[in-house]
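Student: I should like to examine this structure through a few questions. Could we go through it step by step?

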Amino acid sequence: MEGAKATVCMREITKTFGSTVANNCVCLDINKGEILSLLGENGSGKTTLMNMLSGIYYPDAGQIFVNGSEVSIRSPKDAFELGIGMIHQHFKLVDVLSAAENIILGMPGNGRLDMKVVNEKILNICSLYGFDVDPKQKIYDMSVSQKQTVEIVKVLYRGADILILDEPTAVLTPQETDKLFAVLRNMRNDGKAVVIITHKLHEVEELSDRVAVLRHGQYIGEMVTKDTNAAEMTNMMVGRTVSLNIARPEPKDPKPRIVVDGLTVRDIDGVKKLSNVSFAANSGEILGIAGISGCGQRELLESIAGLQLVESGSISYIDPETGKQVELIGKDPRTISTLGVALSFVPEDRLGMGLVGNMDLTDNMMLRSFRRGKSMFADRKSPRSLAERVVNELEVVTPGITTPVRRLSGGNVQKILVGREIACAPTVLMTAYAVRGLDINSSYTIYDLLNQQKEKGVAVIYVGEDLDVLLELCDRILILCGGEVSGIVPGRGANKREVGMMMTKLGGEAGK
Amino acid sequence: MNPKVREPFVRITKRDGLASWRGWLIRLISLILALAVSAIVIYAMIKLNPLKVYAAMWEGAFGSEKRSWVTLRDTMMMLCIGVGLAPAFKMRFWNIGAEGQILIGGIATAAVLIYCGNSMPTWALLLTSFVVSSIAGAIWGVVPAFFKARFGTNETLFTLMMNYVAIQLTSYCVALWENPFGSNTVGVINQQTRAGWFPSLLGQQYMLNVILVLVLAVSMYIYLRYSKQGYEISVVGESERTARYIGISVRRVIVRTMMISGAICGLAGFLAVSGASHTISTSTAGGRGFTAIIVAWLAKFNTFVMILIAALLVFLEKGAMQIASQYNLNDFASQMITGIILFFILGSEFFINYRLVFRGKKEAK
């Protein structure tokens with residue numbers, strides 16, 4: 001039999017949601033002792049396919065074989081019994097419980113719970129694969145990467161030998177990613193089957209043994225990773241040839257647009273988030289902001305946008321036409337915009353902050369414009385035409401402009417948000433993790449849009465997590481470390497390793 | 001095929017873009033099913049002919065012209081409260097305090113009628129009551145809103161407790177205005193002069209109630225759907241962070257919206273006193289402040305759909321009273337029928353959003 005070696009065979013799997021076909025006759029083999037990358041653009045059906053293995057969805061048609069016999073996976077419990085465990089993009093942990101309590105949650109046991117035995121077993125698993133988990137630590141005390149580790153241990157504790165990870169690196173720093181990959185390699189060497197869902201090509205190349213590509217819900221093909229390259233994988237994913245270079249035109253006549261001086265911010269608990277931050281963002285330039293997660297990027301952008309309580313310092317906006325300075329601190333977003341400061345902000349939390357998930361495209365476009373005019377009634381005509389224009393120009397995939405935004409895939413949601421923010425004709429455009437979770441095609445669309453804004457003379461601030469992109473796209477890079485400026489380097493000719501060092505240590509190696 | 005490999009017997013899939021007429025068809029079917037189940041219950045428990053019971057219910061609500069008008073009047077009352085609750089719930093502000101807001105509006109109206117009844121013409125009395133009752137209701141709504149906006153208090157508990165304050169105030173006022181002395185009721189206010197009572201319009205005693213509430217319903221529909229403030233309400237309701245991001249003052253919207261919500265509920269008190277019972281007691285609101293929550297939610301804040309739901313609920317209530325007296329039953333039997341019907345109508349929403357796929361049936365492509 002062809003699938004003798006394969007531990008999981010999926011045959012002709014089809015799944016539809018209403019009129020959308022998420023998977024169409026997909027066949028996939030997963031082997032033991034191998035890391036398989038499942039590659040595809042946003043909305044190509046990777047997660048849906050894996051959700052059917054882990055019992056979240058039930059396929060409309062098709063068969064699943066595990067270790068040679070056909071099975072029916074009706075619930076996550078069935079999946080666990082077959083040794084299939086999935087680590088979802090959004091963690092499913094109880095914040096107030098400890099790691100160990102989360103790990104054993106929902107498992108059958110006898111009347112008496114012996115946490116000692118549990119902890120020991122957890123530590124055994126950890127030492128076997130090289131995890132670093134304190135079973136007694138509470139979840140709310142943990143970083144994102146630690147939470148993810150708990151999720152993985154949870155699955156292993158239940159005896160899973162087929163692990164599925166849904167975009168595990170989307171929330172990790174480069175260092176954390178390396179650690180995760182080392183662990184995954186250990187698991188493979190232990191004979192487990194590992195599937196990672198991703199759309200980052202360099203991860204595929206670095207980690208996996210085999211790669212399978214999906215496009216628009218269809219299975220396109222599979223390759224041994226070492227026999228292929230980034231260009232070929234992209235072509236399979238997108239269906240046409242895509243250039244992988246990011247353009248970086250020379251800035252034209254850069255002049256300071258936003259000048260931040262001595263900015264200090266504390267959060268509600270009095271913890272210093274930003275300390276004495278000073279820099280200038282120039283017109284016609286993309287200023288990158290690099291730093292590990294939680295080092296103050298969010299607070300910085302929100303301070304400029306008027307959403308953050310500032311302890312001390314000043315943020316002044318210099319009007320490109322009159323040259324007049326406007327102080328932004330102490331003003332809310334509405335006051336800032338009535339002062340004539342054309343500030344656009346693409347926040348990190350798209351559906352929780354930038355957009356309203358349950359509203360349709362038109363109503364989301366209206367967020368920026370609904371106050372216009374003296375009438376008591378809101379004008380819905382111009383937002384509607386704006387929605388239509390954004391859908392056309394940015395190639396947003398949507399059933400229509402009356403669809404609630406939350407039903408769209410991540411890339412399309414982002415296009416709508418960026419499209420709206422650019423439509424305000426900003427003089428300052430701030431973006432936080434603008435391409436997080438986006439596939440290659442959408443990412444490049446966003447880079448192009450940012451470059452267009454830059455060429456129009458807009459001061460663009462780009463907070464990113466992918467150092468490669470920051471180094472290729474930005475004219476200057478501001479590096480934050482623990483809420484302080486670790487350095488500002490020119491983007492051209494910057495060294496990735498050096499920037500990485502500055503992210504973790506003030507001033508890098510030299511700044512000791 | 002391996003016999004152990006069985007599809008689940010039934011599974012749930014989401015429906016996509018159901019035509020609205022099919023949605024209404026499902027609701028209609030659920031109503032018919034509810035009537036059928038009620039019929040079985042009626043027959044099994046009290047051995048009565050269900051059809052006769054239904055006929056009696058109809059009789060109770062629409063048996064005579066007077067009854068029909070009373071049903072209509074009460075429907076309008078229910079609709080008025082639902083319209084008042086709509087903006088608050090749309091903003092995800094759990095206003096459980098309509099009951100208190102109605103009572104306060106009622107007290108205000110009664111006070112105007114009692115103290116100014118002999119010194120003002122009817123139109124001025126009505127206008128004054130209208131204004132005073134809506135202000136009183138607005139204050140009752142703004143207090144919890146202010147504390148929520150300022151200190152983040154829980155509005156569910158706060159509004160609920162405001163109800164008890166209103167009930168105690170009403171008891172106090174009843175004692176104050178007792179008439180005749182010793183009866184422990186206010187009696188019918190201005191019984192001889194009819195001062196401050198709703199006048200008959202087009203020969204109908206309750207026509208003014210109908211017109212007033214329909215105007216409110218239409219205005220609220222337009223307000224929520226097309227005005228800038230209505231848009232702000234929905235943004236705040238969906239996501240406060242988005243509202244802040246876009247520069248909407250969440251505090252102001254909360255307070256303003258609760259002012260409107262409380263004012264309309266206060267007007268319901270005006271309707272109850274000036275337009276219906278012409279008296280005030282602790283049961284003037286009579287639980288309608290709670291029932292109207294069902295009206296607002298089931299209609300998804302569409303005030304026109306609210307008319308239908310308010311009518312259904314009032315019809316059930318009137319019918320229940322009729323069968324209780326006609327067949328000498330206690331309240332519980334009729335309340336069971338109401339419960340069954342509500343259960344089916346609420347349940348139908350599930351079938352409008354989802355459908356069940358049974359084993360062996362393939363989904364249509």
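Student: What span does helix H1 of chain B reach from its first C-alpha to its last?
Tutor: In this predicted model, local features need pLDDT of at least 70 and side-chain atom pairs pLDDT 80 or more, while totals for chains, interfaces and linings use all residues. Residues are numbered from 1 along each chain, and chains are lettered from A in the order written. Helix H1(B), a DSSP run (H or I, at least four residues, numbered from the N terminus), covers residues 20-46 and has 27 residues. At 1.5 Å times one less than the number of residues, 39 Å is expected, and the helix comes close to this with 38 Å.

Student: Against which helices do the buried residues of H1(B) pack?
Tutor: Buried means under 20% relative accessible area (1.4 Å probe, protein chains only), and the buried residues of H1(B) include Gly23(B), Ile26(B) and Ala34(B). Their packing partners in chain B are helix H2 (50-62) and helix H13 (331-353).

Student: How are H14(A) and H15(A) oriented to each other?
Tutor: The axes, lines fitted to C-alpha atoms over the stretch in contact with angles from 0 to 180 degrees between N-to-C directions, come within 10 Å and cross at roughly 10°. Because angles under 35 degrees count as such, the two helices are roughly parallel.

Student: What area do chain A and chain B bury between them?
Tutor: Contact means heavy atoms within 4.5 Å, and 42 residues of chain A meet 31 residues of chain B in this way. Buried area is the accessible area (1.4 Å probe) lost on being put together, summed over both parts. Carbon and sulfur atoms carry 54% of it, and the total is about 3100 Å².

Terms used: Heavy atoms only, no water. Parallel < 35°, antiparallel > 145°, perpendicular 65-115°, else oblique. Buried < 20%, exposed > 50% of the residue type's maximum accessible area, 1.4 Å probe, protein only. Buried area = accessible area lost by both parts, 1.4 Å probe.
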